[in-house]
Amino acid sequence: MPLRIKESCVMKKKLFLTLVILLLVVIVGVVWYITPSKFLKNVSADDIKFIHIFNGNNGSNYTIGEKQQISYIVENLQNISFEKSGLSFGKKGYLYRLTFEDTEGKIIDKFIINSNDTLRNDPFFYHDGSNSI
C-alpha cells in the first residue's frame with residue numbers, strides 16, 4: 001500500500017474518532033441540561049439554623065430561625081423539580097436572595113428567586129413549571 005493511502009486512512013480514522021467524541025460530548029451536555037434539578041437535595045432541615053432572606057425590591061432583610069418555618073421552606077423547595085431555562089450571566093436584579101446557614105454559621109447554599117416560577121443559581125436560570133416557589 002503506498003504511503004499516501006496509509007496517511008489518508010489514518011487521517012480518516014482520526015477525523016472519525018474526533019467526530020464521535022464531539023458527538024458524545026454534545027449528547028452528554030444535552031442530557032445534563034434537560035435533566036431536572038433539585039435544590040437543597042442533600043440537606044436536612046435540621047442542619048439549617050437560619051434562612052436569611054434579602055428583598056431585592058426594597059432592600060429589607062429577614063431572618064427565619066424557627067425550626068417549623070425552616071422545615072416548611074426547605075421541604076417545599078426540595079419537592080420542586082426545576083429545569084434549566086437559560087444562562088444568567090450578566091443579569092442583575094431579583095425578587096429575593098435566600099441564604100441557608102448551618103448550625104456552625106457556614107453557608108450551606110444560596111440562590112435567588114426572581115419570580116414565582118424562576119430561580120437563579122448562577123450560571124443558570126431554573127424554571128418551575130408548577131409555579132410552586
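1. Contacts along the chain. In this predicted model, 57% of the protein chain's contacts with a separation of 6 or more are between residues 24 or more positions apart. Buried residues account for 26% of the 133 residues in the chain.

2. Secondary structure and overall form. The protein chain has two helices and seven strands, and their order along the sequence is α-β-β-α-β-β-β-β-β. With a radius of gyration of 23 Å, well over the 14 Å that the globule rule gives for 133 residues, the chain is more spread out than a compact globule. The C-alpha trace spans about 80 × 30 × 25 Å along its principal axes.

3. Surface and charge. The accessible surface of the protein chain is about 9300 Å², and carbon and sulfur atoms contribute 59% of that area. The chain carries 16 positive and 13 negative charges, and the mean positions of these two sets lie 17 Å apart.

4. Pairing of strand β7. Strand β7 (residues 124-127) takes part in two antiparallel pairings: one with β3 (residues 83-87), through four bridges, and one with β6 (residues 118-121), also over four bridges. Opposite Phe124 of β7 stands Leu87, while Phe125 of β7 is the bridge partner of Arg120.

5. The β6-β7 hairpin and its cis bond. Strands β6 and β7 form a hairpin, with two residues between them. Pro123 is found in the loop that links these strands. The peptide bond leading from Asp122 to Pro123 is cis, and its omega is near 20°. For comparison, most peptide bonds are trans. A reader inspecting the model may wish to look at this bond directly.

6. Leu40. A second backbone feature concerns Leu40, which has a positive phi of about 60° although it is not a glycine. Most residues other than glycine have a negative phi. Leu40 is placed in the loop between α1 (3-34) and β1 (48-55). Is Leu40 buried or exposed? Its relative accessibility is 4%, so Leu40 counts as buried.

7. Leu98 and its surroundings. Leu98 belongs to strand β4 (residues 96-102). Because its relative accessibility is 6%, under the 20% limit, Leu98 counts as buried. Which residues does Leu98 touch, not counting those up to four places away in sequence? They are His52, Ile53, Leu77, Asp109, Lys110, Phe111 and Ile113. By contrast with these contacts, the C-alpha atoms of Leu98 and Phe16 are separated by 48 Å, the two residues being 82 positions apart along the chain.

8. Glu66. The loop between β2 (61-64) and α2 (67-78) contains Glu66. At 44% relative accessibility, a value between the 20% and 50% limits, Glu66 counts as partly exposed. How far apart are the C-alpha atoms of Glu66 and Ile34? They are separated by 35 Å, and the two residues are 32 positions apart along the chain.

9. Points to retain. The model describes a chain with two helices and seven strands that is more spread out than a compact globule. Strand β7 pairs with β3 and with β6. Two backbone features deserve a place in the description: the cis bond from Asp122 to Pro123 and the positive phi of Leu40.

Definitions and conventions. Residues numbered from 1 in each chain as written. Predicted model: local features only at pLDDT ≥ 70, side-chain atom pairs only at ≥ 80, totals over all residues. Heavy atoms only, no water. Rg over C-alpha atoms; globule rule 2.2 N^0.38 Å. Buried < 20%, exposed > 50% of the residue type's maximum accessible area, 1.4 Å probe, protein only. Contact = heavy atoms within 4.5 Å. Areas by Shrake-Rupley, 256 points an atom, 1.4 Å probe, with all protein chains shown as cover. Lys, Arg positive; Asp, Glu negative; His and termini not counted. Charge placed at Lys NZ, Arg CZ, Asp CG, Glu CD. Pairing = 2+ DSSP bridges.
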